[in-house]
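User: Could you take a close look at the nonpolar interior of this one for me? I'd like to hear how the packing is put together.

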Amino acid sequence: MIEGFTAESLPFMAKIISSSSLGEETYFPPSLHHLPPRTSHEDCIQEVHILLFPILQDLFSKTKISPQQVDILILNCSGFCSTPSLTSIIVNRFAMRDNVRTFNLSGMGCGAGVISIDVARTLLSLNRGSHAVIVSTEIVSTGWYAGKDPRKLLLNLVFRSGGAAVLLTNKRAGDPKYKLLHLVRTQRAFDDTCYRSAFREEDSEGITGFSIERNLLHVAGELLRSHLMVMGRVVLPFRERVKYVMMVALRRWSEEKGSGPVVPEFRTAVKHYCMPASGRVVIREIGRGMGLGEKEVEAALVTFRRFGNQSSAAMWYQLAYLEGKQRIRKGEKVWQLGMGSGPKCNSVVWERLKVARGEEAHKGPWDDCLHRY
């Protein structure tokens, strides 16, 4: 019933969906419930209103700050860039101050959430006593692909609606939940092969879509390895860094082959992990590359099953899951990892400063279904 799909593409899509581990309760915006799906600018704006207004209202309610107290507003949405900008839509809706500083990040993929944190960190360091709000989302209406190229159909199958809003501040007053410890960014856009591994372009019939090449997992693996080398120097205790260097040296001297790369023991430094919710296979491969076990990748697997791939917002849904399960204790560290087109790999590490009260821990996207996971 949807024009563009063929007898060849339908079995392909059915195979991907059935093997992806996606659940039955993920969300599409109203525009994609039509046959055929509607992807007009008006539909995308409607999706913006449906997603962003409630989560910002929820943020202001929970943090007890008003929209007029926001000094910095940063939004990242990779595929949809409106005029006026998405931040302008928010400023207009909540009647924010005339001197609020707004920033709109687009085209930066699933790793843009950490980039937004980096922008906020820089701006807060230059402006004392300020509030910064970060909004991470993806407007999936504009990314719908109605063609035949299987490389471009993948986004239709695993990406779903979702969004998150976060408040960062450098004010001494208040009762913050986390403290930012480390932020590391790595990219390989200088390499042509890596650069073309995930690309938005037109197909042979002129239909625009986002291509995911066969070498994407290999590119992601190489990018992750180089990123983890930097993260090891940043987060690992001295003893583990020395141990890792010795293991690498022994591996080279013994010339062992086929035994896989040496992975630092990150669990000695960080206890909780939020990673790209890009699918079961990708999540498990990233976990294996970081030397993590089933418990550490659980939040990503469950988030993908319940909500699908929500791009840069997924790492906040995973943090909400860990909080809802009351697993993060005071003083423990949380590592949020984002990987996106470019390609780029970005990490942020937080330290828990306080433990949420029981009634507070269960409010969020998991409120109605946490008991099932």
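Analyst: Here's a walk through the core, followed by a look at a helix pair. Keep in mind that this is a predicted model.

Let's start with the largest nonpolar core, which has 40 residues. The members touching the most other members are Leu224, Phe266, Tyr273, Met275, Met290, Trp335 and Leu337. Who supplies the residues? At least two each come from the helices α5 (150-158), α7 (216-235), α9 (280-289) and α10 (294-307), and likewise from the strands β9 (333-340) and β10 (344-352). Helix α7 gives the largest share, with five residues.

Tyr273 is a good spot to zoom in on. Leaving out residues up to four places away in sequence, Tyr273 touches Phe266, Met290 and Trp335, along with Leu292, Ala299 and Leu322. Its contacts also take in Arg267, Glu296 and Gln318.

That isn't the whole story, though: there's a second, separate core of 35 residues, with Ile72, Ala313, Ala320 and Tyr321 among them.

Now for the helix pair. Helix α2 (residues 41-63) packs with helix α3 (residues 86-94) at about 55 degrees, and the axes are 11 Å apart. That angle is why α2 and α3 count as oblique to each other, and their crossing is right-handed. On the α2 side, the contact is made by Ile45, Val48, His49, Leu52, Phe53, Leu56, Gln57 and Phe60. Facing them from α3 are Leu86, Ile89, Ile90, Arg93 and Phe94. Sorted by class, this contact has 10 nonpolar residues, two polar and one charged.

Methods
Residues are numbered from 1 along each chain as its sequence is written. This is a predicted model: local features need pLDDT of at least 70, side-chain atom pairs count only at pLDDT 80 or more; totals for chains, interfaces and linings use all residues. Side-chain values use heavy atoms; hydrogens and water are left out. A nonpolar core is a set of buried Ala, Val, Leu, Ile, Met, Phe, Trp, Tyr and Cys residues joined through side-chain atoms within 4.5 Å. Buried means under 20% relative accessible area, exposed over 50%, partly exposed in between (1.4 Å probe, protein chains only). Helices (H or I, at least four residues) and strands (E, at least two) are DSSP runs, numbered from the N terminus. Contact means heavy atoms within 4.5 Å. Axes are lines fitted to C-alpha atoms, for helices over the stretch in contact, and angles run from 0 to 180 degrees between N-to-C directions. Angles under 35 degrees count as roughly parallel, over 145 as roughly antiparallel, 65 to 115 as roughly perpendicular and the rest as oblique. A crossing is left-handed if the near helix is turned anticlockwise from the far one by less than a right angle, and right-handed if clockwise. Ala, Val, Leu, Ile, Met, Phe, Trp, Tyr, Cys and Pro count as nonpolar, Asp, Glu, Lys and Arg as charged, and the others, Gly among them, as polar.
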